[in-house]
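Visitor: I have a model here and some labels I want explained. Can we go through them one by one?

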Amino acid sequence: MRIVIAGGHGQIALRLERLLAARGNEVAGIIRKAEQGDDLREAGAEPVVLDLESASVEEVAAQLRGADAAVFAAGAGPGSGTSRKDTVDKGAAVLFADAAVQAGVRRFVVVSSMGANPAHEGDEIFDVYLRAKGGADEYVRGLDALDWTILRPGALTNDAGTGLVRLEAHTGRGPIPRDDVAAVLAELLDTPATAGLTLELISGSAPVSVAVKSVAGN
């Protein structure tokens with residue numbers, strides 16, 4: 001498969017690129033800064049320099065044409081203010097989804113966040129983030145031209161992955177290593193029967209492939 005990942009230099013994205021490339025997939029990662037390109041090449045991905053905060057739908061669609069799947073893994077990051085939550089975590093996700101529709105890429109996977117909700121209340125930066133992610137998820141779910149899956153991990157850690165997870169519509173809160181999030185994303189891309197699902201993910205007791213198969217088709 002050819003897979004294009006938005007936010008290609010993110011911590012989860014780099015892990016996912018390595019996994020997908022190791023499986024023999026052709027992977028491209030969209031990045032904002034050319035100097036990030038070497039990290040992507042090292043992971044086995046082709047870097048594509050494009051700023052999703054200023055690019056047009058047509059420009060993004062041009063990078064998506066011919067792809068078999070698209071993954072939205074971009075984020076404004078923990079050091080960013082409230083305005084970039086809206087322009088990246090929501091705005092860029094909407095742009096990327098519209099571009100996928102225009103390019104005819106049906107399979108679309110979103111890395112969201114547990115608690116994402118467009119009606120989430122509060123004025124802290126994390127509250128704004130959860131509203132932005134929730135708004136993006138809601139928009140993607142309304143696009144009939146996409147076979148979307150939305151993944152909402154719990155608290156992300158840099159612990160070594162265990163390959164054992166809990167993946168359900170509602171898991172309750174808990175931690176999850178980024179390694180395991182990437183492994184689940186790779187499995188979701190290989191499992192089109194997970195289209196139409198919004199899934200929460202935390203560490204658990206089921207091997208990744210078993211966990212994904214158990215929700216497929218539900």
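Visitor: Which residues do ring pairs link into a cluster?
Guide: Phe72, Phe96 and Phe108. Keep in mind that this is a predicted model. The count of aromatic pairs comes to 3.

Visitor: What makes the pair of Phe72 and Phe96 tilted?
Guide: The ring centres lie 6.1 Å apart, and the cut-off for a pair is 6.5 Å. The planes stand at 50°. Stacked needs under 30 degrees and edge-to-face over 60. The angle of 50° fits neither, so the pair is tilted.

Visitor: Why is this pair said to tie together parts of the chain?
Guide: Phe72 belongs to strand S4, residues 69–72. Phe96 belongs to helix H4, residues 82–103. The parts tied together are therefore 24 residues apart in sequence.

Visitor: Are Phe72 and Phe96 buried or exposed, and how do you know?
Guide: Phe72 has 1% relative accessibility. Phe96 has a relative accessible area of 0%. Buried means under 20%, so Phe72 counts as buried and so does Phe96.

Visitor: What kind of aromatic pair do Phe96 and Phe108 form?
Guide: A tilted one, with 5.7 Å from centre to centre and 45° between the planes. The angle is neither under 30 nor over 60 degrees, so the label follows.

Visitor: Which elements does the pair of Phe96 and Phe108 tie together?
Guide: Phe96 is in helix H4 and Phe108 in strand S5, residues 107–111, so the pair joins parts 12 residues apart in sequence. Phe108 has a relative accessible area of 0% and is therefore buried.

Visitor: On to the strands. In which sense do S2 and S3 pair?
Guide: Parallel. Strand S2 covers residues 26–31 and strand S3 residues 46–49, with 4 bridges. The rule asks for at least two bridges, so they count as paired. Ile31 stands opposite Val49 in S3. From S2 the chain passes through helix H2, residues 37–43, to S3 in a right-handed β-α-β crossover.

Visitor: What is the angle between helices H6 and H7?
Guide: About 45°, with the axes 9 Å apart. Helix H6 spans residues 178–189 and helix H7 residues 208–215.

Visitor: Why is H6 called oblique to H7?
Guide: Roughly parallel needs under 35 degrees, and roughly perpendicular runs from 65 to 115. About 45° meets neither, so H6 is oblique to H7. Their crossing is right-handed.

How values were computed: Residues are numbered from 1 along each chain as its sequence is written. This is a predicted model: local features need pLDDT of at least 70, side-chain atom pairs count only at pLDDT 80 or more; totals for chains, interfaces and linings use all residues. Side-chain values use heavy atoms; hydrogens and water are left out. Rings of Phe, Tyr and Trp (its six-membered ring) pair if their centres lie within 6.5 Å; planes under 30 degrees apart count as stacked, over 60 as edge-to-face and the rest as tilted. Buried means under 20% relative accessible area, exposed over 50%, partly exposed in between (1.4 Å probe, protein chains only). A crossover is right-handed if, with the strands pointing away from the viewer, the path from the first strand over the helix to the second runs clockwise. Axes are lines fitted to C-alpha atoms, for helices over the stretch in contact, and angles run from 0 to 180 degrees between N-to-C directions. Angles under 35 degrees count as roughly parallel, over 145 as roughly antiparallel, 65 to 115 as roughly perpendicular and the rest as oblique. A crossing is left-handed if the near helix is turned anticlockwise from the far one by less than a right angle, and right-handed if clockwise.
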